[in-house]
Amino acid sequence: MRIAIPNKGILYEPTLRMLEDAGFGMGSGSSGGSLSSKSKNGKLSVLFARAQDIPLYVETGAADVGLTGYDNVLERKSRVKTLCMLDYGGCRIAVAVPKLSAIKSVAQLAGKRIATKMPNTAREYFAKQGVKVELLELAGATELAPNIGLADAIVDHVSTGATLEANNLREIGTILTSTSCLIANEEAAKKMPAQMNELQLAFEGISRAKSLYYLMLNVTSEAALRDVSATIPCMESPTVLPLAKKGEYAVHSVVRADELTALVPRLKNAGARDILVLSMKRVIP
Ligand code: AMP
């Protein structure tokens with residue numbers, strides 16, 4: 001199976017890590033400017049391409065599958081099958097103007113010039129808003145354009161907002177939100193469903209595991225078991241295992257990483273002892 005992955009940029013490192021975690025690492029073959037490589041297990045031929053071009057590679061069948069930002073799939077209007085969304089490369093496509101600009105809303109951009117790397121996304125958005133603008137397509141560094149008089153506003157990716165801040169820009173609208181995703185050629189998806197499913201389950205499982213923890217704790221009475229079971233969140237229902245000492249139990253569950261800090265004191269109050277928190281490699285419900 002041929003997979004296209006980004007050859008540089010913000011998605012490059014996390015994509016290599018994802019392949020490595022899924023057992024498709026490339027060893028030394030992934031660096032040094034090489035445009036193709038093979039996974040060490042021999043299962044994947046890896047093509048390194050511009051993230052923006054990957055939907056095209058996949059649509060045409062040059063690659064069977066690809067990992068890229070979903071924003072690129074939308075920008076290219078590619079006919080591909082989206083197998084799953086992943087946990088990295090999160091961003092929004094935003095409209096921004098200089099902080100000192102009198103423009104406060106997207107409607108006020110009528111007749112103005114907008115610099116962007118994503119002309120299709122921008123054109124469609126402004127048409128839907130009924131705002132006539134002039135689009136200026138740039139290959140990158142759009143954040144510079146308003147400060148040198150090249151444009152009145154930009155449409156670009158925003159992740160943390162640090163680049164907007166560094167260039168004295170203010171966000172006035174969000175067009176869409178995006179993350180990285182696994183896409184497949186439509187024909188290839190029909191021809192090799194088992195291999196596609198293998199990749200999807202691996203990547204999705206790895207993504208999901210990053211936002212969850214495995215929680216283990218003990219209780220030393222039936223009453224504590226009842227209170228802890230009522231407190232602890234879980235995927236289905238918590239695992240309860242009797243300990244060697246009669247009337248004592250181990251309780252295991254999977255909890256969301258973002259609720260862990262608030263949950264621990266509640267569990268202690270409910271009678272939990274010896275709380276252990278473990279990271280997981282994959283979670284497949
Ligand atoms: P930030 O300063 O974290 O808001 O990142 C913004 C800069 O990183 C901009 O130059 C964006 O073009 C780029 N960027 C951020 N996230 C992504 C993404 N998911 N895909 C492509 N470029 C991105």
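Does Tyr-125 count as buried or exposed, and at what relative accessibility? In this predicted model, Tyr-125 counts as buried because its relative accessibility is 13%, under the cut-off of 20%. Phe-126 also counts as buried, with a relative accessibility of 1%. The count of aromatic pairs comes to one. This pair is formed by Tyr-125 and Phe-126 in an edge-to-face arrangement, with 5.3 Å from centre to centre and 70° between the planes.

Helix 1 spans residues 12–21, and its buried residues are Tyr-12, Pro-14, Thr-15, Leu-16, Met-18 and Leu-19. These buried residues pack against three strands, namely strand 1 (2–6), strand 3 (45–49) and strand 4 (65–69), and against helix 7 (193–209). Just after helix 1, Gly-23 adopts a positive phi of about 90°.

In helix 8, which covers residues 222–231, the buried positions are Ala-224, Leu-225, Val-228 and Thr-231. Viewed down the axis of helix 8, the buried residues fall within an arc of 135°, so they line one face of the helix. Arg-226 and Ala-230 are exposed and sit on the face of helix 8 that is turned away from the buried side. The partners against which the buried residues of helix 8 pack are strand 12 (212–219), strand 13 (239–242), strand 14 (249–256) and helix 9 (260–269).

The loop between strand 8 (134–137) and strand 9 (153–158) was examined next, beginning with Leu-150, which is found there. Ala-141 is found in this loop, as is Thr-142. Ala-141 counts as exposed because its relative accessibility is 54%, over the cut-off of 50%. Thr-142, in contrast, counts as buried, at 0% relative accessibility. With neighbours within four places in sequence left aside, Thr-142 is in contact with Ala-115, Thr-116, Lys-117, Ile-154 and Asp-156. Ala-115 also serves as a reference point for Ala-141: the C-alpha atoms of Ala-141 and Ala-115 are separated by 9.6 Å, and the two residues are 26 residues apart along the chain.

Leu-150 has a relative accessible area of 34% and is therefore partly exposed. Leu-150 belongs to a nonpolar patch on the surface that it forms with Leu-144 and Ile-148. Together, the three residues of this patch have about 270 Å² of accessible area.

Backbone angles were also considered. Most residues other than glycine have a negative phi. Lys-77 has a positive phi, near 50°, and is a residue other than glycine. Lys-77 lies in the loop that runs between helix 3 (70–76) and strand 5 (81–85). Asp-274 is likewise not a glycine, and its phi is positive at about 50°. Asp-274 has its place in strand 15, which comprises residues 273–278. At 55% relative accessibility, Asp-274 counts as exposed.

Note on methods. Residues are numbered from 1 along each chain as its sequence is written. This is a predicted model: local features need pLDDT of at least 70, side-chain atom pairs count only at pLDDT 80 or more; totals for chains, interfaces and linings use all residues. Side-chain values use heavy atoms; hydrogens and water are left out. Patches are made of residues with over 30% relative accessible area and no salt bridge: like charges are joined within 9 Å, nonpolar side chains (Val, Leu, Ile, Met, Phe, Trp, Tyr) within 5 Å. Accessible areas come from the Shrake-Rupley method with a 1.4 Å probe; for residues, only the protein chains shown count as cover. A salt bridge is a side-chain nitrogen of Lys or Arg within 4 Å of a carboxyl oxygen of Asp or Glu. Helices (H or I, at least four residues) and strands (E, at least two) are DSSP runs, numbered from the N terminus. Buried means under 20% relative accessible area, exposed over 50%, partly exposed in between (1.4 Å probe, protein chains only). The arc is that of the directions from the helix axis to the C-beta atoms. Contact means heavy atoms within 4.5 Å. Rings of Phe, Tyr and Trp (its six-membered ring) pair if their centres lie within 6.5 Å; planes under 30 degrees apart count as stacked, over 60 as edge-to-face and the rest as tilted.
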